[in-house]
Each structure stands twice: as C-alpha cells, then as structure tokens.
Amino acid sequence: MEQAGPRSAHGSAGAGGPEIRTGAVRVPAQPQAADVNRKRGPAAMDAGAGAGAAARGEHTHSEAPIPRPRVESARPVVQRASVRGQILDALRTALVAGELAPGEVYSAPALGERFGVSATPVREAMQQLALEGAVEVVPNRGFRVVERGTRELAELAEIRALIEVPVMLRLARTVPAARWAELRPVAEATVRAASSGCRATYAESDRAFHRAVLALAGNAQLVQIAEDLHRRAQWPLVGGPATRGRADLVADAAEHTALLDALIAQDLPVVQSLVGEHFAGAC
C-alpha cells in the first residue's frame, strides 16, 4: 500500500525551510531534487532526468496494444488506499480473461495508463505475478505473459488431485452433513457465475468453492498451496481460445453441486471420481 509522504506535491519546503510536523514526530523539511540539481548546474539536471528515465525501465513504443474492457463501466476504479492490491487483482482478472495474451510483453507505464495510476504500483504487482509464475521479466521492456501448453495443465491437474483428493475423502468421512450443507450457497454461486459466461467471474467463484471445502481441514498451508495451484490452472493456454464457452463453464459448475451432494452422502467412490474428473477438465 502506498503511503503519502510528509510533503505534498505542491508547496514543499526547500532547504533550510520550516520543519513539518507528522503526528508527534517533527520531520525536517528536505530539499527538492530539483533544488539540488539547480545548485549543481545544468549538467546535473540533465543527468537527473536521464536517471529518472532509466528508473522507469520499460519502453512502450513497440509493445502490443492492450485491449480495453469490453464494457466501459467495468473498468476498474482504483482507490489510493490499496493501489497495489487492486492493480494485482485487476491484472489477475485480465490474465484469466485473456486480455493479457500469452507471449506478449507489457510495460508498467502502459498498464499504468490503462488503470489510471503511475507505473510503480503496476510494476510491483507484476513482480508479484512473476513470483507466481504468471509472467517473466524482460529487461528494459517489461513483463512477458508465460506461454503454457496442455502438458503443463495436465501436470497441474495431477498435482491438485494428489493433494486434494485424499483431503476430501477424509473430510467426507468426518465432516457432518450439516456442515457440508452450509456450503450450498457457495456452490450455487459458482453456477450463477458460470451462467454469466465471464471466465474471470467464474474463476474467482470456482476458487472460492474449493477454498471453502479445503478450509474444513483446518490446515492454512494446505489451503494456500492449493489456491496457488488452482490459480495457475486457470491461466489461458497459448494458441487456445481466449475464453471457455458458457456451456463449458456451466458444466464445470454443475460438478461442484454434484460433489457437494456426494460429500453430504459420504459416497467416497463418487467423491474421488468427481474430483479427478473435475481437475482433468478444468482450464
């Protein structure tokens, strides 16, 4: 979260100016960079401008255009209180929706222009996506969206099944039916999200359902690891369709309600079969 500094963008005190009070702490006013450069002469000012351009990093003249949201009212409204977090969420949504294409390079300044913010929170958010494996850093250019194939998707499905199937089978034997019934609204929410035909909307509700199921195991680390694998499985494939069809999303959501019914009935063979098929068909 970006914090406002002790000096405003306008009316900052120069060297030797009055002190600025921040709560109970008195912060001496610092000289502006422009004031320091002015004392050093034109050469220093030119060097400072060059350093600023280098700090911004990426070039924007040759990158692919970034599509605007299809509905103007859907453009994210960024609040200053949590810029980085909101930009990260918006970038994840754009990634799942296929608005950030696999293999394309995007710069922080261009993305910042899209969201109406500076390049800094965008760069920080993209660096987080790089840690998650969604993008990779391209020096002096920006960030390239990773290119995934069907093999990687199959590998993710296998890992998710190895982690989640045993947990769900154990929960099916130990969790009372009444607790499973409390998750009915979460499962039904995935059906409504699928009916919208929006992949990003469905992806979020899909993760929410699986998160709610695994949370019953009482293992926060398990939930976090499973969430990361699930998010990776939702990234679009290179060369594949930008979005899944509405019918595919609805069929996927229907498996949630069927799984919940099997968990309530403690039907372990059906639970195992449904989870395996669900992961194999997810994309």
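Analyst: Before we start, a salt bridge here is a side-chain nitrogen of Lys or Arg within 4 Å of a carboxyl oxygen of Asp or Glu. Also keep in mind that this is a predicted model.

User: Okay, what is the chain built from: how many helices and how many strands?

Analyst: The chain has 283 residues, and buried ones make up 36% of them. Among its contacts between residues at least 6 apart in sequence, 71% join residues at least 24 apart. As for the elements, the chain has twelve helices and five strands.

User: How many salt bridges does the structure hold?

Analyst: Side chains of opposite charge can pair when their charged atoms come close. Going by the 4 Å cut-off, the count for this structure is eleven.

User: Let's look at one of them. Which residue does R160 pair with?

Analyst: R160 sits in helix α6, and its partner is four residues away in that helix, so about one helical turn separates the two. Their closest N and O atoms are 3.7 Å apart, which is within the 4 Å cut-off. The partner of R160 is E164.

User: Is E164 buried or exposed?

Analyst: Buried means under 20% relative accessible area. R160 has 2%, so R160 makes the cut. E164 is at 1%, so E164 counts as buried.

User: And R151, which also forms a salt bridge: is R151 buried or exposed?

Analyst: R151 pairs with E155, with 3.3 Å between the closest N and O atoms. They are four residues apart in helix α6 (residues 150–174), so they too are about one helical turn apart. E155 is partly exposed at 36%. R151 has a relative accessible area of 66%, and since the cut-off is over 50%, R151 is exposed.

User: How many residues apart are R184 and D261 in the chain?

Analyst: R184 and D261 form a salt bridge whose closest N and O atoms are 2.9 Å apart. The pair links distant parts of the chain, with R184 in helix α8 (residues 184–195) and D261 in helix α11 (residues 246–265), and the separation is 77 residues.

User: Which residue of helix α8 is 6.1 Å from V250, C-alpha to C-alpha?

Analyst: Let's find where helix α8 comes close to V250 in space. The residue is 55 places from V250 in sequence, and besides V250 it is in contact with R246, leaving aside neighbours within four places. At 34% relative accessible area it is partly exposed. The residue is S195.

User: Now for packing. Are α3 and α4 roughly parallel or roughly perpendicular to each other?

Analyst: Helix α3 (residues 83–96) and helix α4 (residues 108–115) have their axes 12 Å apart and pack at about 100°. Angles of 65 to 115 degrees count as roughly perpendicular. So α3 and α4 are roughly perpendicular.

User: How many residues of each class, nonpolar, polar and charged, are in that contact?

Analyst: From α3 come I87, A90, L91 and A94, and they meet L111, R114 and F115 in α4. Sorted by class, the contact has six nonpolar, no polar and one charged.

User: Which elements are included in what covers the buried residues of α3?

Analyst: The buried residues of α3 are V83, I87, L88, A90, L91, R92, A94, L95 and V96. What covers them includes α4, α5 (119–132), β5 (142–145), α9 and α10 (220–233).

User: R92 is on that list, so what is R92 in contact with?

Analyst: R92 belongs to helix α3. With 17% relative accessibility, under the 20% cut-off, R92 counts as buried. Leaving aside neighbours within four places in sequence, the contacts of R92 are L129, E132 and R231.

User: Which residues are linked with R231 in a network of salt bridges?

Analyst: This network has four members, R231 being one of them. Among the other members, R207 is one of the buried residues of α9. The residues linked with R231 are R207, R211 and E227.

User: Last one: how many of the 17 residues of α9 are buried?

Analyst: Helix α9 runs over residues 199–215, and at 1.5 Å a residue it should span 24 Å, which agrees with the 24 Å between its end C-alpha atoms. Its buried residues include Y202, F209 and L214. The helix is largely enclosed by the rest of the structure, because the number buried is twelve.

Technical notes: Residues numbered from 1 in each chain as written. Predicted model: local features only at pLDDT ≥ 70, side-chain atom pairs only at ≥ 80, totals over all residues. Heavy atoms only, no water. Buried < 20%, exposed > 50% of the residue type's maximum accessible area, 1.4 Å probe, protein only. Axes fitted to C-alpha atoms, helices over the stretch in contact; angles between N-to-C directions. Parallel < 35°, antiparallel > 145°, perpendicular 65-115°, else oblique. Contact = heavy atoms within 4.5 Å. Nonpolar A, V, L, I, M, F, W, Y, C, P; charged D, E, K, R; others polar. Expected span 1.5 Å × (residues − 1).
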